[in-house]
Amino acid sequence: MPKQSKNLLAAILIVVFFLLRAASFWLRQEPSAQAMSVGIIIALAAFLTVVRPRWAWYLVLTELLLGGAGHLFEIQGISLRLALLVTFLFIWTVRNLITSSWHKLTIPRPYSFLILAFLLLGIYGSLRGLSLSRNWQAIASDAIPYLFILLAIPSYHLFKKETDLAQMRILIISFLIGSALLALITFVLFSSGAEMIQGEYYKWWRDVLAGKITDLGSGFFRIVTPEQLLIPIFALGFLAQKHKTYWPALLASGMIFALNLSRTYVLGLLAGVCIILVVERSARVLKPAVGLLLCAFVFFTAAHGLASRGQSPGWDLLGLRLASVARPTNETSTSLRRALLPGIQETITAHPILG
């Protein structure tokens, strides 16, 4: 794919990233409009699955990466993501049965066994929860994500061309850049006072995006969303590739690290770098990894300095969060988590094998 085409596709995907969130915010109290939006997208997905399965598959992947936690739009409590998954898998299966394309409904045995084991584990967990009189709605919420493993079957047959891999990279880079820009915009809105905790934007961020916005003092706000859990994984993938065209993705990852301020992400990244070093027996990954962490540090310093009106670079806050990894009592959040451990341990001890 030509470079100009790649840049154009990335720009379009980033625009889509923000249009989805803007529409979700504007329609947050309009269930009828949300239902109509879901209906249109599902109808499009159904049509594409029949006539252009590869395009429908790309639509599903795009929603998975650009759709946040999956609840930007809902219809009668059912998320667009779940409706899209069920629609695609159902029509994909029926289409291949009608056309006698049986081979497209199977994958090599090792992968089949893994998928089957994963699904059986989910079924067992659900039945176990029911036997212990747990809330059935909570059980259903925990069980539904297991269905997404079924996407491995159509993905095995559709994800074979080199262009698919190139377009997947563009999709991931667009997700990283979009997430970084969204975090930055949200940070500016709250640190400048344009938005407030418990305001409409905050409630939408918390209830729809399932994220967190935390005031850490001195005008600095911690910006978190669930999909940011993917950032260390994608960052490690680009670090392993070490290609100059991936630096925008690494810079975006550094920005997210700085505003998320999660110790777990940094520890995960460092662990991943160590694994790459052992597997490849080469130190080539160190330079981009150090560059990524340095970018996060510089951006955090600049953001905290601007948010505090030049009063502090925020190194004391950064040092406190890093030190709390070894000394949990140094910080409130880590102290609270540590206080939960005895109860968690007691629950595990009561049902130690399979929950």
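Trainee: Quick one to start: is F175 buried or exposed?
Mentor: F175 is buried, with a relative accessible area of 0%. (Buried is under 20% relative accessible area, exposed over 50%, partly exposed in between, with a 1.4 Å probe and protein chains only.) The model is predicted: local features need pLDDT of at least 70 and side-chain atom pairs 80 or more, while totals for chains, interfaces and linings use all residues. Residues count from 1 along each chain, and side-chain values use heavy atoms, without hydrogens and water.

Trainee: Okay, aromatics then. How many aromatic pairs does the structure hold?
Mentor: There are 17 aromatic pairs. (Rings of Phe, Tyr and Trp, its six-membered ring, pair with centres within 6.5 Å; planes under 30 degrees apart are stacked, over 60 edge-to-face, the rest tilted.) Among them is the pair of F17 and F18, which is edge-to-face, at 5.3 Å centre to centre and 70° between the planes.

Trainee: And the burial of those two: is F17 buried or exposed, and what is the relative accessible area of F18?
Mentor: F17 counts as buried, since its relative accessibility is 0%. F18 comes out at 23%, so F18 is partly exposed.

Trainee: Back to F175, then. What is the geometry of its ring pair with F234?
Mentor: The ring centres of F175 and F234 are 5.9 Å apart with planes at 80°, so this pair is edge-to-face. F175 belongs to helix 8 and F234 to helix 10 (residues 231-241), so the pair ties together parts 59 residues apart in sequence. (Helices, H or I of at least four residues, and strands, E of at least two, are DSSP runs numbered from the N terminus.) F234 is buried too, because its relative accessible area is 16%.

Trainee: Nice. Which residues form a ring cluster?
Mentor: Ring pairs join F25, F190, Y201, W204, W205 and F221 into a cluster.

Trainee: And L176, what does that one touch?
Mentor: Setting aside residues up to four places away in sequence, L176 touches I231, F234, F238, A249, A252, S253 and I256. (Contact is heavy atoms within 4.5 Å.) F234 has thus turned up in the list for L176 as well as in the ring pair with F175.

Trainee: Switching topic: which residues are buried in helix 5?
Mentor: In helix 5, I115, G122, S126 and G129 are buried. The cover over the buried residues of helix 5 includes helix 6 (136-143) and helix 7 (152-158).

Trainee: What happens in the backbone just after helix 5?
Mentor: S133 follows just after helix 5, and S133 takes a positive phi of about 60°.

Trainee: I've also got my eye on H304. Where does H304 lie, and what is H304 in contact with?
Mentor: H304 lies in helix 13 (residues 286-307). H304 has a relative accessible area of 3%, so H304 is buried. Neighbours within four places in sequence aside, H304 is in contact with G217, S218, F220, S312, P313, G314 and L317.

Trainee: Let's zoom out. How many helices and strands are in the protein chain?
Mentor: The protein chain has 15 helices and 4 strands. Along the principal axes, its C-alpha atoms fill a box of roughly 70 × 60 × 55 Å.

Trainee: What percentage of the chain is buried, and what share of the contacts joins residues at least 24 apart?
Mentor: Of the 355 residues in the protein chain, 39% are buried. Taking contacts between residues at least 6 apart in sequence, 69% join residues at least 24 apart.
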